[in-house]
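Let's take a friendly walk through a protein model together. Keep the sequence and the 3D view side by side as you read.

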Amino acid sequence: MLKAMGKFQITLLAVTFLCSVAGFFLLPETVAVQWNGNGVSNYLPRFIACWIPLFVSGICFAGWKVSSIHFQTSIEIDKKFRITYAIIWGAVACIGIVLHIILFAAN
């Protein structure tokens, strides 16, 4: 199970990285990142906007690793806890991909 989770984590991080690279080619020079009732209210340079989702995903993966050390006994013993833990952290780790989708759709 742990090897499968490691492969899943690497795959998610690789997809997020590929989305960051694709952003350099698909996004405009200045990327809209904040909106209000009147429209766009804040922009970022493409370079920064492409790497923020990867950075956020990296933080999520670090949290996943640290918490897996803390909950290692529960993960090894309880199958329901292991599955719930993997689903929750898997969803949290997808935040980088979701951020890229939002940037691509909004720009």
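## A helix with two sides

On one side of helix H4, Lys-80, Ile-87 and Ala-91 are exposed, the other side to that of the buried residues. Here, buried means under 20% relative accessible area, exposed means over 50%, and partly exposed is in between, with a 1.4 Å probe and protein chains only. Helices (H or I, at least four residues) and strands (E, at least two) are DSSP runs, numbered from the N terminus.

Before going on, note that this is a predicted model, in which local features need pLDDT of at least 70 and side-chain atom pairs count only at pLDDT 80 or more, while totals for chains, interfaces and linings use all residues. Residues are numbered from 1 along each chain as its sequence is written, and side-chain values use heavy atoms, with hydrogens and water left out.

Which residues of H4 are buried? They are Tyr-85, Ala-86, Trp-89, Gly-90 and Ala-93. Seen down the axis of H4, the buried residues fall within an arc of 125°, so they line one face of the helix. The arc is taken from the directions that run from the helix axis to the C-beta atoms.

The length of H4 can be checked too. The helix has 15 residues (79-93), and at 1.5 Å a residue it should span 21 Å, which agrees with its end C-alpha atoms being 21 Å apart. The expected span is 1.5 Å times one less than the number of residues. At the start of H4, a side-chain oxygen of Asp-78 reaches to within 3.3 Å of the backbone nitrogen of Lys-80.

Val-92 also belongs to H4, and it is partly exposed at 34% relative accessible area. Its C-alpha atom is 8.4 Å from that of Ser-57, although the two are 35 residues apart along the chain.

## The nonpolar core

A nonpolar core is a set of buried Ala, Val, Leu, Ile, Met, Phe, Trp, Tyr and Cys residues joined through side-chain atoms within 4.5 Å. The largest one has 10 residues, including Met-5, Leu-12, Phe-61 and Trp-64. H1, H2 and H4 each give two or more residues to this core, and H4 supplies the largest share, four residues.

## Charged and polar partners

Side chains of opposite charge can pair when their charged atoms come close. How many salt bridges does a search of the whole structure find? There is one, where a salt bridge is a side-chain nitrogen of Lys or Arg within 4 Å of a carboxyl oxygen of Asp or Glu. Glu-29 and Arg-46 form the pair. Glu-29 sits in the loop between helix H1 (2-26) and strand E1 (30-36), and Arg-46 is in helix H2 (residues 46-70), 17 residues apart. Glu-29 is exposed, at 55% relative accessibility.

The table lists polar contacts, which are pairs of N or O atoms within 3.5 Å; within protein, one must be able to donate a hydrogen and the other to accept it, and residues adjacent in sequence count only if both atoms are side-chain atoms.

| Side chain | Partner | Distance |
|---|---|---|
| Arg-46 | Glu-29 side chain | 2.3 Å |
| Arg-46 | Phe-24 backbone oxygen | 3.2 Å |
| Ser-67 | Trp-64 backbone oxygen | 3.1 Å |

Ser-67 lies in helix H2 and is buried, at 12% relative accessibility.

## Cysteines

With a disulfide taken as a pair of cysteine sulfur atoms within 2.5 Å, the count is zero. For Cys-19, the nearest cysteine sulfur, that of Cys-50, is 10 Å away.
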